[in-house]
Number of protein chains: 2
Amino acid sequence: VMAVDHLSGERATAQFDVEVMKVYLAGGQREHEIATRMAQLVASDPIFSKEDRVRLARKDLYKASIRKAGHAWKTILEKGLSEEESMKLRHFVDEPTFTDLHWGMFIPAIKGQGTEEQQHKWLSLAYKMSIIGCYAQTELGHGSNVQGLETTATFDPATDEFVMHSPTLTSTKWWPGGLGKASTHALVYARLITDNKDHGIHAFIVQIRSLEDHVPLPNVTVGDIGVKFGNGGYNTMDNGFLRFDHVRIPRENMLMRLATVTKDGKYERSDKPRQLGYGAMVFVRQGIVIDASNYLSRAVTIAVRYSAVRRQFGNKDEPGELQVIEYRTQQSKLFPLLATAYAYRAVGFWMKWLYADVMERLKNNDFSTLPEVHACTAGLKSIATSVTADGIEECRKLCGGHGYLCASGLPELYAVYVPACTYEGDNTILLLQVARFLLKTLSQIGKVKPVGTAAYLGNVKQLSTQNCKVSQGHEWSNPSILLEAFEARSARQAAAVALRLARGSGSEADFQENTPELVESARAHCQLIVVSKFIEHLQTETIPEGIKEQLMLMCNTYALSQIVENAGDFLATGYLTGKQIALAKDELKHLFDKIRPNAVALVDAFDHTDDYLGSALGRYDGDVYTHLYKGAFKESLNDTVVVDGYEEYLKPLLTQNLWGPQSKL
Amino acid sequence: VMAVDHLSGERATAQFDVEVMKVYLAGGQREHEIATRMAQLVASDPIFSKEDRVRLARKDLYKASIRKAGHAWKTILEKGLSEEESMKLRHFVDEPTFTDLHWGMFIPAIKGQGTEEQQHKWLSLAYKMSIIGCYAQTELGHGSNVQGLETTATFDPATDEFVMHSPTLTSTKWWPGGLGKASTHALVYARLITDNKDHGIHAFIVQIRSLEDHVPLPNVTVGDIGVKFGNGGYNTMDNGFLRFDHVRIPRENMLMRLATVTKDGKYERSDKPRQLGYGAMVFVRQGIVIDASNYLSRAVTIAVRYSAVRRQFGNKDEPGELQVIEYRTQQSKLFPLLATAYAYRAVGFWMKWLYADVMERLKNNDFSTLPEVHACTAGLKSIATSVTADGIEECRKLCGGHGYLCASGLPELYAVYVPACTYEGDNTILLLQVARFLLKTLSQIGKVKPVGTAAYLGNVKQLSTQNCKVSQGHEWSNPSILLEAFEARSARQAAAVALRLARGSGSEADFQENTPELVESARAHCQLIVVSKFIEHLQTETIPEGIKEQLMLMCNTYALSQIVENAGDFLATGYLTGKQIALAKDELKHLFDKIRPNAVALVDAFDHTDDYLGSALGRYDGDVYTHLYKGAFKESLNDTVVVDGYEEYLKPLLTQNLWGPQSKL
Ligand SMILES: Cc1cc2nc3c(=O)[nH]c(=O)nc-3n(C[C@H](O)[C@H](O)[C@H](O)COP(=O)(O)OP(=O)(O)OC[C@H]3O[C@@H](n4cnc5c(N)ncnc54)[C@H](O)[C@@H]3O)c2cc1C
Ligand SMILES: Cc1cc2nc3c(=O)[nH]c(=O)nc-3n(C[C@H](O)[C@H](O)[C@H](O)COP(=O)(O)OP(=O)(O)OC[C@H]3O[C@@H](n4cnc5c(N)ncnc54)[C@H](O)[C@@H]3O)c2cc1C
Ligand SMILES: [Ca+2]
């Protein structure tokens, strides 16, 4: 059989070497090789198939998911995969499951907060998966405000135990992934009480299920919290609830690296710097930004390929119909998202460096960059996840009706991704943290030199007076002009809201009154970071010549489309004129023209396999219609030609026999 | 038992009579009474329960859905409900099903395009539901471009029949609701061919399933296209595919009101004005805008009530935690959406009038307002559905983690609503139609006086020169100032893009090059319509004094929040200054302060019952946590304490026995 490739024409027009770009996007030759191998391993193993996911009832879905998790573990052991390979393998299995929390939260939290002795004890069990752990922080009544958690851990010196208790309905643990059905242990955040004194929130390891038969231990009430958004999606995960009725655990189960409770109930903070946890936080957030790029690139791959296949309406001058990717409206939504996926990849690379830098500094007890790093990573998490979630939905809509079918792969992609806007910090609350940092930085100007991503605020005066000089469209493709625009806009917005606050009493109430403006200012700051890191990355890294031009195209497209999208800010601060915005729009169209012949190749470079994409619309070969049609025959409603329910419910209707013997209406 | 009402404090602060507002929002006393009665009827009947919807596998979901549809029909007959009551009943059953298409598309299309004889024949069957009909226009390869459909209906004079045929894979009908499993008949849009001549797209009634046993007729291939976005959601509907292999139907089955084929194969257009179909179009789009208001109001009701229950973080000055509805960021997203739901309700009322006006004019062969009406209703459909879909998701995110649970009611609400952005016309394509109308109107200024919603374009000169005079915040609550701002911005944007086109060659290619700006201009025009119709409505209708102030508050909040959200447009056109935008933001906060004590009452006035909302977060009594917790016990994974799959998949893992006899990994 000859392989079809409906997109070969598109691939022929590419002006760069896709293979080189693949290696770049993967982060290096080795990473590329591992990813390719692991993707292949998953795709070739029928146990990992995602085919049926959207059609399964919850119980079957969950069962299939724990089977995959177990099978992945077996595969890892059997093949002796490295940690890096194992992570990639789980990545390509591509569904949330209890092991995410076990490896991604339970183990790192023990590493970060446990003493060496505790680490030794628990990690040796966890690494073998002799226990399954989850991360139980959120409660029914409290999520964002961790200090408000109500679960109590009261020390009983008589038995040298903590008594774990859920005093109210709202103190019920609620949301922890893997808790509902899989975990044997939970890392429980609870209010530590010794001698009637409340010492605030601390972490405790609590066994919740028997290691013999998996039955919940006495006085533990635990289960799954129910179905979540979007078909298969996140429903492979057993997010759970958990209540304690005076459950006793040994004193040693409190993680004691940062604070201890002695046998006689004395509470002592250790002298370990509390900042040590920052490394883990930067690591997690770096992962979130890379993830955002990955999810967005999947949606963009599907939408770009399908837009090149889909034809609709004619051009009066030419025969046949136009590919919808030719339409400017389609391009003006799709190409900026493509550029964004590239931009977040570059930012992800930079954050890897940032993580290494932070770890190095922590080793040397240098905490000077931490506030800046904290703000910057919080903000990047916030904008990257929000933009990605919206971007996936946008891509889905750009596929017209067919995007609404699960066969497009897009509905599940959105549903499984969108909670990233909420977990690991609600995106609004994170931006408010960024805003507090910006205000503090501005208030210290002259006294403390701002560092890193906030350094430009040192120039706030100059940035506030000098307006943009663009007078011709092509100037908008100049990186230094773009960079200055973002710096000026962000500095001005931050200065403006700082001034408002300075005019007020400077109270918390003033801050609260101005939170909408503060959030906008924080967002401006974060968009600047993305632009500046992408530009820097292209200047400083050793990027192969063959792909540099395309990367610069992506960078300029990202920056310019952000200017157009946020024109209100640039105009309101007086930095740009309406005329300059119009020029930006024109230049953007020139960039779209440059992207157009490379569009399919630019998504090919993300190197997503058909198996991983799971989309009839996004297939590499563009053979969309054949596969949509074939796919319909897997629908369970098509198991019989006459649908189950016809006799009871449709026939009485059609035969006007609603009250007859057959009718169950 | 004493009834709890956690929100009674909120209700006590309301400054208007909620009952009066309910009647207003329902559209009158009679409408309110019917709605209340039908909501109650549905809520009290267990067959209509939505409880299990998200937990059912597709087959069971579909079966439950056709059962409800049949039961609704039986109830309608049993109780002798009027047409209005029947529609409301189906509305409260609240899930898409085949009867929507039967009543909403199949029957109206026959009314619009069938001759009197044809209407008599088919409608008498359809009204009894002796046949079930669907609307089969879209194909795998063609949706938006109806003229590109490929299905053929070739006349065979030898037998006086049409031969229906699907010549290609892409000509497969794909998407029609009710086609997949329920319908006996399809209204098929196909390319009419007589004597080798292609006469373009016409409508044909084709029987597809036996009335005896529901088996598809010979040479008909039909089935369901598969699972769609979002759990229960739209999956209660059997969107279908359909292929014909030379299926013969009698000549009389072509709908012949506008064109006929004679026995000897002659094609003749009737002299009936083609515009007659416009009435139906206005009617459908009016329904879409009312629907948008309804869906958005459901999401807003849930989010407002939950935001008043949910507490997070403290205010240093006060004890306890703040309700999250107190946060300005929360208000700045939530209150504009609340105002939007009110605005679309007012626009819906106006569109009812518009429909009556169009019908009256058509009766008198007055087609003068049709282009304006067409543009205006297309545009309102586009913005109302886009804003509503995004608004539902925004409300969900404003509920934090709990919004992601199906128990919040929000995931399904989004999933079931969002395709409204695509069906009945892709929203981008509709805005481009509006843009073409605006360009044409501008080009005729001086020759043809613009009418209706385009009348302001007659003032384009003046609107282009005179800038906004606001110098103090409170002026932003003046309706005439708000109205002028929207007129000026829209007129300027339209004039600017018209000028660009005029400078070019005026070709279709020029139009295509400027579609992003054209879409923006169309959107500006539609936002103006909403603002102007809301303002007019409040001035001219007899609105009870007791609710007028709150409605004006909603109107000003809607308008002002739109200005802030689209600040870029208002600034780029030079009509507003950055200072004036800042004043608008300040004034908006004052409006939020006025809304705050009324917020819960303003959503109560939508009068959504707990049954209809189906949301633990949006309950009238605010007893959120009790019901979230109770709800979890209905999850099928909780049927057993030890989950199904433990023995096979978790135990081998935990016992390091992956290769043992139990393991099925
Ligand atoms: C899929 C998923 C998986 C999860 N997994 C886990 C897990 O494994 N372990 C675990 O412990 N938890 C988990 N969670 C819980 C998650 O961490 C919380 O949902 C998240 O932290 C948000 O908190 P919340 O739900 O309390 O939102 P809330 O804080 O209640 O937010 C509600 C609204 O209030 C606003 N708001 C709140 N405070 C403020 C403020 N100070 N200023 C302005 N606005 C404010 C928010 O912006 C939001 O709009 C998970 C959640 C989800 C959805
Ligand atoms: C839930 C649901 C129910 C449906 N029910 C029915 C039904 O009962 N009967 C029926 O016949 N059909 C039905 N449909 C089909 C529906 O009418 C079409 O999906 C819709 O008309 C959009 O057409 P499309 O899918 O071809 O999108 P496309 O036109 O292919 O759109 C793809 C992209 O191309 C862009 N595009 C296309 N043309 C242009 C242009 N000229 N300029 C700029 N951009 C362009 C669009 O904006 C979009 O971004 C249903 C669809 C859904 C999702
Ligand atoms: Ca105030």
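Me: In this predicted model, what makes a residue count as near ligand 1?

Reply: A residue is near the ligand if one of its heavy atoms lies within 4 Å of it. Ligand 1 lies between chains A and B. Among the closest of its 29 surrounding residues are A:Thr138 and A:Asp426 from one chain, and B:Arg310 and B:Gln330 from the other.

Me: Why is the pair formed by ligand 1 and the side chain of A:Ser144 called a polar contact?

Reply: The cut-off for a pair of N or O atoms is 3.5 Å. An oxygen atom of ligand 1 is 2.5 Å from an N or O atom in the side chain of A:Ser144, so the pair qualifies. A backbone N or O atom of A:Gln137, 2.9 Å from a ligand oxygen, and a polar backbone atom of B:Leu398, at 3.3 Å, also pass because the limit is 3.5 Å. Taken alone, ligand 1 exposes 970 Å², and the protein buries 93% of that.

Me: Which element gives the largest share of the shell around ligand 1?

Reply: That is α12(A), with three residues. By class, the shell holds 14 nonpolar, 13 polar and two charged residues.

Me: How do you know that the two copies are related as by a two-fold axis?

Reply: Chain A can be laid on chain B with an RMSD of 0.0 Å by a turn of 180° and a shift of 0.0 Å along the axis. The relation is therefore that of a two-fold rotation axis. In chain A, the C-alpha nearest this axis belongs to A:Gly568, 1.7 Å away.

Me: Why are β4(B) and β8(B) said to pair?

Reply: Pairing needs at least two bridges. These strands have two, in the antiparallel sense, so they count as paired.

Note on methods
Residues numbered from 1 in each chain as written. Chains lettered and ligands numbered in written order. Predicted model: local features only at pLDDT ≥ 70, side-chain atom pairs only at ≥ 80, totals over all residues. Heavy atoms only, no water. Helix = DSSP H or I, 4+ residues; strand = E, 2+ residues; numbered from the N terminus. Least-squares fit on C-alpha atoms with pLDDT ≥ 70 in both. Polar contact = N/O pair within 3.5 Å; in protein donor to acceptor, adjacent residues only side chain to side chain. Areas by Shrake-Rupley, 256 points an atom, 1.4 Å probe, with all protein chains shown as cover. Nonpolar A, V, L, I, M, F, W, Y, C, P; charged D, E, K, R; others polar.
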